[in-house]
Amino acid sequence: MRVCHDEDARAVHRLAGAEAARFPDLPASARERTALRLHSALADRLARLVLTGRLRACDPETAAEHFLALLTGPLEYRPDADPEAVAEAAVEVFLRAYGSG
């Protein structure tokens, strides 16, 4: 959770947005180095879990997108939410959708 929504991550996001007029490629570059890298690593891990039968057969890219949305969405709407509680709820919902059984 800290990777997505700690103060440093929010600061990078704000800075990239604020400097977009001067550096048009900055927001995309920041996104690529943060969110897209995280998404790619998570999709790779989920693909491995599918291969071992720990998750049901699925598109790992889509599953990673769903999991990250479950993790980050509540914090966008409720900045004071407890990150640990959000993470636990995200895992529970994700496993209901993608768990192997």
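Contact here means heavy atoms within 4.5 Å. In this predicted model, His-39 offers a handy place to start. The residue is found in helix 3, and it counts as buried because its relative accessible area is 16%, where the cut-off is under 20%. Leaving aside neighbours within four places in sequence, His-39 touches Glu-61, Ala-64, Glu-65 and Leu-68.

How far the model can be trusted comes next. The protein averages a pLDDT of 87, and 92% of the residues score at least 70. Among its elements, helix 5 (residues 83–98) has the highest mean pLDDT, 96, whereas helix 1 (residues 2–5) has the lowest, 55.

Turning to the interior, the largest nonpolar core has 15 residues, and those with the most contacts inside it are Leu-42, Leu-46, Leu-55, Phe-67, Leu-71 and Phe-94. Helix 3 (26–51), helix 4 (60–77) and helix 5 each give two or more residues to this core. Leu-46, again leaving aside neighbours within four places in sequence, is in contact with Leu-55, Pro-60, Ala-63, Ala-64 and Phe-94.

The aromatic rings deserve a look of their own, as the structure holds 2 aromatic pairs. The ring centres of Phe-67 and Phe-94 are 5.0 Å apart with planes at 65 degrees, so this pair is edge-to-face. It links distant parts of the chain, with Phe-67 in helix 4 and Phe-94 in helix 5, 27 residues apart. Phe-94 also pairs with Tyr-98, this time in a stacked arrangement with 4.7 Å centre to centre and 25 degrees between the planes. Phe-94 and Tyr-98 both lie in helix 5, about one turn apart, and both are buried. Together, Phe-67, Phe-94 and Tyr-98 form one aromatic cluster.

Key
Residues are numbered from 1 along each chain as its sequence is written. This is a predicted model: local features need pLDDT of at least 70, side-chain atom pairs count only at pLDDT 80 or more; totals for chains, interfaces and linings use all residues. Side-chain values use heavy atoms; hydrogens and water are left out. pLDDT is the predictor's confidence in each residue, from 0 to 100. Helices (H or I, at least four residues) and strands (E, at least two) are DSSP runs, numbered from the N terminus. A nonpolar core is a set of buried Ala, Val, Leu, Ile, Met, Phe, Trp, Tyr and Cys residues joined through side-chain atoms within 4.5 Å. Buried means under 20% relative accessible area, exposed over 50%, partly exposed in between (1.4 Å probe, protein chains only). Rings of Phe, Tyr and Trp (its six-membered ring) pair if their centres lie within 6.5 Å; planes under 30 degrees apart count as stacked, over 60 as edge-to-face and the rest as tilted.
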